[in-house]
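Let's take a walk through this one together. Have a look at the sequence and the fold, then read on.

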Amino acid sequence: MDMTDLVEITEPGELTELLGEPLPRVRDKARDRLGELDRQWLEHSPFCLVATSDADGNCDVSPKGDPAGGLALVLDDTTLAIAERPGNRRADGFRNVLANPHVGLVFLVPGRGDTLRVNGRARLVREAPFLDRMTVKGHRPVLALLVEVEEVFFHCSKAFLRSELWKPETWRPDEVPSRARIAKVLERPEDSMEELETYYGPGYATRLYA
């Protein structure tokens, strides 16, 4: 790719000149604690994205999911917790938190274009009384991400409307390789396709909390 014709933005003023100033209601909508509407959203959200970075600025975004009501536990107006469930054990985001506690979270509700954004500081806790309340399908988490809320606000639905994310008629899941095929090419070339299709088949969903 020829990069010689790029015109780069290097100053905040250039960005403002190009995009314009946000409306006051948008600029000032961030709050420093959870309100009742935020609590209702978190109660019905089954999925969130957790953004972190290490001390050198290397970034990670990790998806977290549980049944609605079991994903985010609100402990008080400025504190929430997200349970860790069995996964691939990379713990990229958790390692980042140990080096840099700043986190950003986006909570989704299926079918809704707007999202709830939470920014704050996080800690990892391996034992706490509230972990019992985060048991899902018999699985008590071995640790939780404890987030001290510093900023919370709702984000508009334009990205979801543009992407038509929630419109099933636009979905084309078979236009990209299956998870088994991706694993065969990139991660587990020694396994047969039959083995991988069995592993990532219907039985995969039965092992989510094992």
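## Around helix α1

Leu-15 sits in helix α1. In this predicted model, Leu-15 comes out as partly exposed because its relative accessible area is 41%, between the 20% and 50% cut-offs. Leu-15 also helps make a nonpolar surface patch of about 410 Å², together with Ile-9, Leu-18 and Leu-19.

There's a charged patch to look at as well: Glu-8, Glu-11, Glu-14 and Glu-17 form a negative one on the surface. Glu-8 belongs to the segment before α1, a helix that spans 12-19. With a relative accessible area of 63%, Glu-8 is exposed.

## The overall layout

Stepping back, the protein has seven helices and seven strands. Going along the sequence, they come in the order α-α-α-β-β-β-β-α-β-β-β-α-α-α. The C-alpha atoms fill a box of roughly 55 × 55 × 40 Å along the principal axes. Of the 210 residues in the protein, 32% are buried.

As for annotation, an unreviewed UniProt entry puts the feature "domain: Pyridoxamine 5'-phosphate oxidase N-terminal" at residues 39-156. That span is 46% strand and 12% helix, and the C-alpha atoms at its ends lie 18 Å apart.

## A buried spot in β1

Strand β1 covers residues 47-53, and Val-50 is in it. Is Val-50 buried or exposed? It's buried, at a relative accessible area of just 5%. From Val-50 to Ile-82 there are 32 residues along the chain, while their C-alpha atoms are separated by 9.9 Å.

## Salt bridges

Side chains of opposite charge can pair when their charged atoms come close. Here the structure holds 14 salt bridges. One of them joins Asp-77 to Arg-39, with 2.7 Å between the closest N and O atoms. Asp-77 is in the loop between β3 (72-76) and β4 (79-83) and Arg-39 is in helix α3 (residues 36-44), so this pair ties together parts that are 38 residues apart in sequence. Both partners are partly exposed: Asp-77 has a relative accessible area of 34%, and Arg-39 has 28%.

Asp-132 and Arg-140 make another salt bridge, the closest N and O atoms being 2.5 Å apart. Those two are linked with Glu-127 in a network of salt bridges. Arg-140 counts as partly exposed, at 30% relative accessibility.

Then there's the salt bridge between Arg-188 and Asp-191, at 2.8 Å from N to O. Arg-188 is partly exposed at 26% relative accessible area, whereas Asp-191 is buried at 15%.

Note on methods. Residues numbered from 1 in each chain as written. Predicted model: local features only at pLDDT ≥ 70, side-chain atom pairs only at ≥ 80, totals over all residues. Heavy atoms only, no water. Patch = residues over 30% accessible without salt bridge, like charges linked within 9 Å, V, L, I, M, F, W, Y side chains within 5 Å. Areas by Shrake-Rupley, 256 points an atom, 1.4 Å probe, with all protein chains shown as cover. Salt bridge = Lys/Arg side-chain N within 4 Å of Asp/Glu carboxyl O. Lys, Arg positive; Asp, Glu negative; His and termini not counted. Charge placed at Lys NZ, Arg CZ, Asp CG, Glu CD. Helix = DSSP H or I, 4+ residues; strand = E, 2+ residues; numbered from the N terminus. Buried < 20%, exposed > 50% of the residue type's maximum accessible area, 1.4 Å probe, protein only. UniProt positions renumbered as here; feature names shortened; annotations may be inferred.
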